[in-house]
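Hi,

Here is the structure I promised to pass on. Have a look at it first, and my notes on its empty spaces follow below.

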Amino acid sequence: MIKNNQTKLNYLHIVLDALVIFLSYALAWYFMIGRDRGPGAPGTLPIRVYFMALIVVIPVYLVLYAVFNLYTPKRTRSRRSEFANICKANIIGLMIFTFVLFAGRNRPITGPYLVNFSTRMIVAFFAFNIVLETAFRNSLRIALNRIRSKGFNQKHILLVGFSEAARSFIARISQNPEWGYHILGILDDDLKKGSIIEGVTALGELTDLRDILSANDLDEIVVTLPLNKYEYLKPVVNICEKSGVHTKFIPDYQNFIPTTPYMEDMEGLPIINIRHVPLTEPLNAFVKRLIDILGSAMALIIFSPIMLVTAILVKCTSKGPIIYAQERVGLHNRPFKMYKFRSMYVQRPEEELTKWTTRGDPRVTPLGHFIRHTNIDEMPQFFNVLRGDMSLVGPRPERPQFVEKFKEEIPRYMIKHQVRPGITGWAQVNGLRGDTSIQKRVEYDLYYIENWTLGLDIKILFMTIFRGFKYAY
């Protein structure tokens, strides 16, 4: 029933997309041609010529949307990735449109029409279509999320095997009811039948799989076997495939592979790289470094009056140096001196090495409270960026003694040193700064490292400007 509903929804989606394309095209024609000169004005083509082009334009754009996966289910897809795919499809569409327009001008049949075809209207159509398509899809997403959060349009799922992968899956489903997933239960040999685990009922053992499948109308089976039970994987998959129910596999080693697996094909043998770091690629590294140099130089010029006033105030309000240089660990585990405006009273070395800064810390000066709260104390780090010690965006660097401590206590902690540390980062704009969970910070840092894009850096910079660091001492 749900599969039939999904098919109907996809057909409706295609029809609505066609209407959005038509509306975008009509608006582009009206604003670029119809409003100012009218359809019969000298130098313009008849309206029927422009709108007959839609016979080709609409199918081409619908195919492009399918190519860029815009008709796959939206339950777990982010708005950002969908917007990126809309832009890609429209860019390719614009390129095809432009190629046909100029290549066809020398043809005896189409030439007279294409010579006078408005290029301004094509560009306007491109802009209108991105805006309207994004608005339409976001509206559809909001409507579907509300329907699913109320218990409708659900996908019924069975988990086979209980592991850390199963825990992570259940947690995400619980936190996102708008995805519309309902977990019927878990099958696992080590769970007592009828017990409730993470809010999900244990339905029996793995040997009960065939009976459970025949007695229930399921939409998906998710195999989440623990590492010590992988010998059951083949018979479990065989049973699932014979049932005709769509089966997914979540390996119980997600802590060792990136969120977006980097795979290679070795003559048909799939190889998953343990870690994929986009910034190790030369072009990405060059672009990021170029932006760091230009951005930090501009920031130093723009903020120089604030930095000058702060330096004078630090010197006048407490004894000690204006700039505080502290050793931190950076790219490839190399130590460097990170600069800040001094915001604390001068301390003994043993205090500095062993204590975190906490909210209401008496070691912070009155001026220090202000410059820390407004992040002015971080501004000298633009010099670190120019020197190449740091980046504008990246994981925050830690002191050597804490690095030694955390690398033994927190799995994957040292991966953060595969990229330059940053003045701001994904963890910081999400409120993880100062005396907050190191484990959680590492999770956000790893997400940034594995999913780096120039767009993500720009997003973090804007979040830093408009939302700040969500400051916590």
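**Pocket and cavity notes**

The lining of the second largest pocket is made up of 16 nonpolar, seven polar and four charged residues. In that split, Ala, Val, Leu, Ile, Met, Phe, Trp, Tyr, Cys and Pro are nonpolar, Asp, Glu, Lys and Arg are charged, and the others, Gly among them, are polar.

Before you read on: this is a predicted model, where local features need pLDDT of at least 70 and side-chain atom pairs count only at 80 or more, while totals for chains, interfaces and linings use all residues. Numbering runs from 1 along each chain as its sequence is written, and side-chain values use heavy atoms, leaving out hydrogens and water.

Back to that pocket (an open set of points on a 1 Å grid over the protein atoms alone, with protein on both sides within 12 Å along at least five of seven lines; lining residues have an atom within 4 Å of a point). Its 27 lining residues include Phe-303, Phe-382, Leu-461, Thr-464 and Ile-465, which lie nearest the centre. Helix H10 (282-317), strand S11 (391-393), strand S12 (422-424) and helix H17 (454-467) each give two or more residues, with H10 giving the most, eight. Helices (H or I, at least four residues) and strands (E, at least two) are DSSP runs numbered from the N terminus.

There are also three cavities of 30 Å³ or more; in a cavity, a 1.4 Å probe fits but cannot get out. Lining the second largest are three nonpolar, one polar and five charged residues, among them Arg-396, Glu-398 and Asp-445. Helix H16 (residues 438-450) supplies the largest share, four residues.

Cheers

Methods: Points joined across faces, edges and corners; volume = space filled by probe spheres on them.
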